[in-house]
Amino acid sequence: MTQINDVSDALIVINERGVILRINPVAASLFDYHAEELIGKHIKTILPPTNQNPTEEKGVVFEVLKGQMESVYKKGLKKNGFSFPIDLFVVPNMDGSYTCVVKDDTSRFFHEQIETMANVVLRRVLIGEGLEHFAAFILEQLQEVFPFPLMWIGQYEKEEQGVLVMSSLGVLSQMASPRTLFTHTDKAVHPAVLACERMTTVSDEVADENGNLYKMIAFPFLSKKDVVGVLTVLSPKEQMNHIVLNRFENIALRLGMILQISEDQKFLRLLSTAISSAMNAVFITEQHGKIIWVNEAFTHLTGYTFEESVGKNPSFLYSGLQPPEFYKEMWHTIKSGRSWRGELVDRHKDGSLFTIEQMITPILDYEGRVTHYVAVYDDLTARKDAEGKIMHLSNYDQLTGLPNRSLFHEKLKQIILKASKVNECIAVLFVDISSFNRVNDTLGHAAGDQILKIMADRVIGCVTSKDWVARIDGDEFAIILRDIQQPDEAGDIAHQIIRQIQEPIKMDKDEIVLGGCAGISIFPYDTRDSEKLINYADMSLFKAKKAGPNSYFFFSQQLNTEIEERLKLEQDMRKALIQNEFFLNYQPQVDLKTGHVSGWEALVRWRHPQKGLISPNLFISAAEDTGLIVPLFTFVMEEAVKQLKSWNKMGYKDMTMAVNMSSAQFEDRDFLETIQKVLKKYRVRSKTFELELTESLLMKDARKAQEILCLLSESGIRIAVDDFGTGYSSLNYLHRFPVNKLKIDRSFVKDIISDKENIAIVKAIISLGHILGLEVVAEGVEDAKQLHLLKRLGCDSIQGFYLGVPMSPEDATLFLQKKNKKS
Ligand code: C2E
Ligand code: CA
Ligand code: CA
């Protein structure tokens with residue numbers, strides 16, 4: 001029999017009942033006993049039954065003997081009650097006793113245990129769990145190997161400079177219950193906090209109430225650059241040697257690495273969620289180009305599902321529209337490790353094509369070899385659609401759907417470019433619907449819109465499909481007539497369009513009849529420049545509008561000159577206003593009964609520095625068109641009232657001063673105020689001030705005229721109708737306006753002697769005027785015959801060269817002195 005005292009293995013000899021017969025020193029010290037202490041004791045004192053067969057009263061040795069033991073965790077029990085893993089062999093002896101060979105298995109067990117734990121933790125990390133989910137599990141696993149009174153895992157709270165306990169285990173676990181926060185504010189800094197801050201193991205010694213000394217050691221879990229947690233153990237001092245310390249440090253290191261994976265995982269999950277749900281289509285291929293992953297946007301864009309796409313080469317999307325060289329160049333670029341970007345057309349599953357901008361980035365390994373390619377798509381079709389919509393909004397009129405002014409300009413340019421190559425003749429037509437504003441004012445904008453749509457359709461109906469219609473302004477259309485043989489053709493179409501515009505429109509119960517005007521310019525006769533062509537058509541339209549509704553005009557060089565002169569005139573007039581080039585002449589109106597001057601008409605004159613004296617007939621209408629009539633009127637008004645005042649002061653009191661008024665002034669909001677201000681300034685009675693306006697002005701916007709005339713007459717101002725008789729139907733309307741005087745137009749007076757019809761008209765005007773209680777004045781009386789006839793017909797007063805031409809203030813004063821008596 002071997003001398004068991006001499007072998008290095010731990011040997012124990014027991015009898016068949018389990019009583020220890022012999023034990024060698026190695027074995028005794030393994031269990032922290034002296035050999036004598038154990039002799040005669042039952043083997044289960046140091047080798048208790050396993051958890052698997054707790055009923056085996058004689059201990060683990062007899063389990064082994066019965067062959068019940070395989071890979072079951074066997075433990076030895078030390079004198080102080082701590083258990084430790086062992087490996088156990090039992091050899092039956094000849095005499096019926098047994099020899100037990102015991103090996104301290106802590107090391108292997110530790111490794112196995114840690115390995116198992118690490119694998120489980122890793123698995124849990126990979127499915128997305130965090131330290132908080134498996135901290136308790138780690139502690140349970142460690143407890144199996146290190147049955148310390150306290151072990152806990154915490155999380156470093158950087159901002160709070162503390163450690164928050166996540167889970168704790170052991171008999172003293174109440175010392176660190178979950179959710180406890182250890183911080184700097186404690187009496188002493190907790191080793192766990194220090195360990196996190198210093199990123200290294202920190203140990204401390206503590207004693208319990210009984211004076212037992214413990215080691216408290218904190219092991220931080222370190223990831224790449226951060227502390228991701230901390231394990232703190234409290235162990236009896238004697239049990240914490242450098243081997244155990246080392247083992248814990250390894251565990252902390254291992255957990256740190258696993259938790260780093262957890263962090264990476266979180267980030268990757270974030271990334272992949274971002275990519276999965278990205279608006280842009282993304283796919284990833286392996287190095288040979290086989291697709292291994294696509295995102296949702298990709299499946300929407302291409303029509304292929306994830307399953308249908310994965311495993312394929314991206315060439316399954318090829319439209320065939322890119323030449324092979326295109327792909328060759330692309331592959332060459334990405335194979336060499338560089339990114340590639342380009343626009344290409346791919347084919348959808350349903351066969352339709354879509355345009356994309358693609359960016360392919362190779363993914364390289366640490367040696368610079370391509371392992372994958374990531375392709376990101378930008379769907380240009382959608383963007384191009386959006387661009388198209390914006391294009392439409394900015395280029396088309398929303399009401400009629402017709403191209404707008406800016407597109408019209410663009411299109412004309414293109415058409416002219418083509419036309420000039422093939423010697424094609426083109427007409428530009430501008431069409432305006434007359435007095436459309438009145439439709440909006442009276443019927444409302446909704447009706448106005450409806451009418452415009454109808455008009456747009458009518459205009460389109462007059463041209464062919466090769467022509468081009470745009471709406472360039474509220475009530476203005478522009479048309480490009482292509483390939484016309486001669487200018488007359490454009491005239492015919494203009495005529496046709498105007499006729500169409502004149503067709504009555506049924507609106508609810510009303511029937512509306514409008515009119516239209518057109519201006520025409522021709523390429524290449526008038527000009528070869530598109531902007532000028534537009535300008536010329538516009539000028540011609542302007543001229544047509546002046547000529548009256550339902551007319552059209554061709555552009556002519558003469559018109560061009562006229563318009564250029566007009567522009568010059570406008571500039572000169574602005575200067576003239578500043579440089580006082582305007583002045584007044586006064587023409588007397590003589591009372592036929594008394595022979596006295598009953599009134600004056602102020603007539604404006606312009607002394608142009610180069611052109612000399614200019615007649616108002618030449619500049620008034622330009623002043624009206626440009627709005628300069630407003631300051632001009634103010635000047636005339638003030639000048640005339642000043643003159644009247646000075647005559648009043650001289651004693652000539654019962655006279656009126658008449659000033660001519662233009663239609664443009666109905667638009668001037670301050671008109672009435674200007675008049676009243678001037679009258680007040682010179683303290684002139686309003687009933688001696690007269691405004692002359694033509695009947696056409698009255699008829700143009702009767703409602704507005706009535707409104708303004710009523711205001712004027714309420715403030716005592718007199719109103720005279722100028723050029724009376726030239727505006728036909730006006731007699732019927734006369735009673736509607738608060739008028740004081742009728743001025744029979746010169747044209748009736750001119751032939752009054754020879755023309756019987758004219759006599760009848762003048763007679764009628766005079767009697768009508770008198771019935772309405774109006775004063776009647778005849779204009780343009782140039783001789784005595786006319787004067788006498790008019791006197792006989794009952795005319796109240798006359799104005800004309802025969803009695804007095806328009807004259808300077810000085811001459812007018814002399815005239816007064818001759819004719820009138822002072823009062
Ligand atoms: P009107 O208001 O009809 O003015 C009368 C025009 O007839 C004046 O021409 C006057 O010189 C002219 N006249 C007067 N007696 C005779 C005559 O016996 N025979 C002939 N053939 N003509 C005669 P004038 O001053 O050249 O003014 C022309 C037009 O210019 C005016 O016609 C008026 O409509 C406009 N006008 C003149 N001054 C002003 C003004 O200050 N403001 C505005 N808005 N218009 C003005
Ligand atoms: Ca007048
Ligand atoms: Ca007149």
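Select the two calcium ions, ligand 2 and ligand 3. They sit 4.1 Å apart, and Asp722 coordinates both. This is a predicted model, so read every distance here as computed from predicted coordinates.

**Stop 1: calcium ion, ligand 2**

Keep ligand 2 and show its protein donors. They are Glu601 (OE), Asn660 (OD1), Glu692 (OE) and Asp722 (OD). Their distances from the ion run from 2.1 to 2.3 Å. Along the sequence the donor residues follow the spacing E-x58-N-x31-E-x29-D. Now pick out the pair Asn660 and Glu692. Asn660 belongs to strand E27 (residues 656-660), while Glu692 belongs to strand E28 (residues 689-694). The two are 32 residues apart, so this pair links distant parts of the chain.

Is each of them buried or exposed to some degree? Glu692 is buried, because its relative accessible area is 1% and the cut-off is under 20%. Asn660 has 28%, which makes it partly exposed.

**Stop 2: calcium ion, ligand 3**

Move to ligand 3. Which residues hold this ion? The protein donors are Asp722 (OD), Asp723 (OD) and Glu779, the last listed with two OE entries. They lie 2.2 to 2.5 Å from the ion. In sequence the spacing reads D-D-x55-E. Next, select Asp723 and Glu779 together. Asp723 is in strand E29, and Glu779 is in the loop between strand E31 (775-778) and helix H26 (784-792). With their positions 56 residues apart, they too connect distant parts of the chain. Color them by accessibility. Asp723 counts as partly exposed at 26% relative accessibility. Glu779, at 10%, counts as buried.

**Stop 3: ligand 1**

Select ligand 1 and display its surroundings. The shell has 22 residues. Closest are Gln587, Asp722, Arg746, Glu782 and Phe801. Asp722 is familiar from the calcium ions, where it coordinates both.

Turn on polar contacts and look at nitrogen atoms of the ligand:

- Glu782: a side-chain N or O atom is 2.5 Å from a nitrogen atom of ligand 1.
- Val604: a polar backbone atom is 3.1 Å from a nitrogen atom of ligand 1.
- Ser662: a side-chain N or O atom is 3.3 Å from a nitrogen atom of ligand 1.

Now show the surface. On its own, ligand 1 exposes 780 Å², and the protein buries 83% of that.

Color the shell by residue class. Eight residues are nonpolar, seven are polar and seven are charged. Which elements supply at least two residues each? Strand E25 (597-608), helix H18 (616-626) and strand E29 (718-724) do. E25 gives the most, with four residues.

**Stop 4: His608 in strand E25**

Stay on E25 and select His608, which is found in this strand. His608 counts as buried, at 4% relative accessibility. Then add Gln610. A polar atom of the His608 side chain lies 3.1 Å from the backbone nitrogen of Gln610.

**Stop 5: helix H14**

Finish with helix H14, residues 445-461. Put a distance between its end C-alpha atoms: they are 24 Å apart. What span should the helix have? At 1.5 Å a residue, its 17 residues should span 24 Å, so the two values agree.

Last, show the side chains of H14. The buried residues are Ala447, Gly448, Ile451, Leu452, Met455, Ala456, Arg458 and Val459. Arg458 is one of them, so include it in your selection.

Notes:
Residues numbered from 1 in each chain as written. Chains lettered and ligands numbered in written order. Predicted model: local features only at pLDDT ≥ 70, side-chain atom pairs only at ≥ 80, totals over all residues. Heavy atoms only, no water. Near = heavy atom within 4 Å. Polar contact = N/O pair within 3.5 Å; in protein donor to acceptor, adjacent residues only side chain to side chain. Areas by Shrake-Rupley, 256 points an atom, 1.4 Å probe, with all protein chains shown as cover. Nonpolar A, V, L, I, M, F, W, Y, C, P; charged D, E, K, R; others polar. Expected span 1.5 Å × (residues − 1). Buried < 20%, exposed > 50% of the residue type's maximum accessible area, 1.4 Å probe, protein only. Donors = N, O, S within 2.8 Å, 3.2 Å for Na, K, Ca; no water.
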